[in-house]
Amino acid sequence: MKMKSSSCENNLIVPANFYSEESEKTKLNWFCYEYALELQTFFNQKLKRKLLKKNINKNGIADFCIYHSKFMKGPILDRLSGKNNDLEITYHPIEKFFPFIGDKLVDEILTIVGKAWDSQTEVCVQCPTRCISEKTKVAPMFDDPYYKV
């Protein structure tokens, strides 16, 4: 389990974004929360300025990070079930979320999506929480006061 900040207070991405009822407080949804935070860190100032010119501010970036991390649940589950041998990261969810930003910005975001994914999953290899392999188990972190807003 990797956390970039000491509290959720100032974050636009919070654990509550990843469940709407108690039964959704799973390790897979916790993984999605962590991935959304990781993805957000890969949006550098230069890219943020380019997106701001397209009227996409930090709230829009956070919303995208949440959207993309939830989108990735499908490919993760397909991979785990044996439906697909590989997990492919494509531009489709980027274009769907940001339909008017143009190919160049889509490519830039796709690049950071891949880097954030690699960064997050690299940590998972050694993490004892086992969010992916124990995907349906309860994630007690959702109820930890440390992560409450």
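**Helices and core contacts**

Trainee: Starting with R49, which helix does that residue lie in?
Mentor: R49 lies in helix α2, and please keep in mind throughout that this is a predicted model.

Trainee: Okay, and is R49 buried or exposed?
Mentor: R49 counts as exposed, because its relative accessibility is 51% and the cut-off for that class is over 50%. The C-alpha atom of R49 is separated by 19 Å from that of L37, although the two residues are 12 apart along the chain.

Trainee: What about K50, how accessible is that one?
Mentor: K50, which also lies in helix α2, is partly exposed, since its relative accessible area is 26%. The C-alpha atoms of K50 and I101 are separated by 9.5 Å, with their positions 51 residues apart along the chain.

Trainee: And which residues does K50 contact, leaving aside its neighbours within four places in sequence?
Mentor: With those neighbours left aside, K50 is in contact with L105 and E108.

Trainee: Moving along α2, is L51 buried or exposed?
Mentor: L51, a residue of helix α2 (residues 45-52), counts as buried because its relative accessibility is 0%. Beyond the neighbours within four places in sequence, L51 is in contact with F43, I56, I61, L105 and I109, so that L105 is a contact of L51 as well as of K50.

Trainee: How far is L51 from T111 in space?
Mentor: Their C-alpha atoms are 15 Å apart, and the two residues are 60 apart in sequence.

Trainee: New topic, the core: which residues touch the most other members of the largest nonpolar core?
Mentor: That core has 38 residues, and the ones touching the most other members are I13, L39, F43 and I109. Two of these, F43 and I109, are also among the contacts of L51.

Trainee: Which elements give two or more residues to this core?
Mentor: Those elements are α1, α2, α3 and α6 (103-124), and the largest share of the core, nine residues, comes from α1.

Trainee: Following up on I13, what is that residue in contact with beyond its neighbours within four places in sequence?
Mentor: I13 is in contact with F18, Y33, A36, L37, Q40, A62, C65 and I66, once those sequence neighbours are left aside.

Trainee: Q40 is in that list, so where does Q40 lie?
Mentor: Q40 lies in helix α1 (residues 27-41), and this residue is partly exposed because its relative accessible area is 22%, where buried would need a value under 20%. Not counting residues up to four places away in sequence, Q40 touches I13, A62 and C65. Between Q40 and C65 the C-alpha distance is 6.1 Å, although they are 25 residues apart in sequence.

Trainee: What about α6, which of its residues are buried?
Mentor: In α6 the buried residues are L105, V106, I109, I112, V113, G114, A116, W117 and Q120, and what covers them includes α1, α2, α3, α4 and α5 (92-97).

Trainee: How far apart are the end C-alpha atoms of α6?
Mentor: They are 31 Å apart, which agrees with the 32 Å that the 22 residues of α6 should span at 1.5 Å a residue.

Trainee: Switching to α3 and α4, at what angle do their axes cross?
Mentor: The axes of α3 (residues 58-71) and α4 (residues 73-81) cross at roughly 20° and come within 4 Å, and the two helices are therefore roughly parallel to each other. On the α3 side the contact is made by S69, K70 and F71, and on the α4 side by K73, G74 and P75. Sorted by class, that contact has two nonpolar, two polar and two charged residues.

Trainee: Last one, on backbone angles: what is the phi of N55?
Mentor: N55 has a positive phi of about 65° although this residue is not a glycine. N55 lies in the loop between α2 and α3 and counts as exposed, because its relative accessibility is 73%.

Trainee: And where is R130 placed?
Mentor: R130 is in the segment after α6, and its phi is also positive, about 55°, although R130 is not a glycine. With a relative accessibility of 45%, R130 counts as partly exposed.

Technical notes: Residues numbered from 1 in each chain as written. Predicted model: local features only at pLDDT ≥ 70, side-chain atom pairs only at ≥ 80, totals over all residues. Heavy atoms only, no water. Buried < 20%, exposed > 50% of the residue type's maximum accessible area, 1.4 Å probe, protein only. Contact = heavy atoms within 4.5 Å. Axes fitted to C-alpha atoms, helices over the stretch in contact; angles between N-to-C directions. Parallel < 35°, antiparallel > 145°, perpendicular 65-115°, else oblique. Nonpolar A, V, L, I, M, F, W, Y, C, P; charged D, E, K, R; others polar. Core = buried A, V, L, I, M, F, W, Y, C linked by side-chain atoms within 4.5 Å. Expected span 1.5 Å × (residues − 1).
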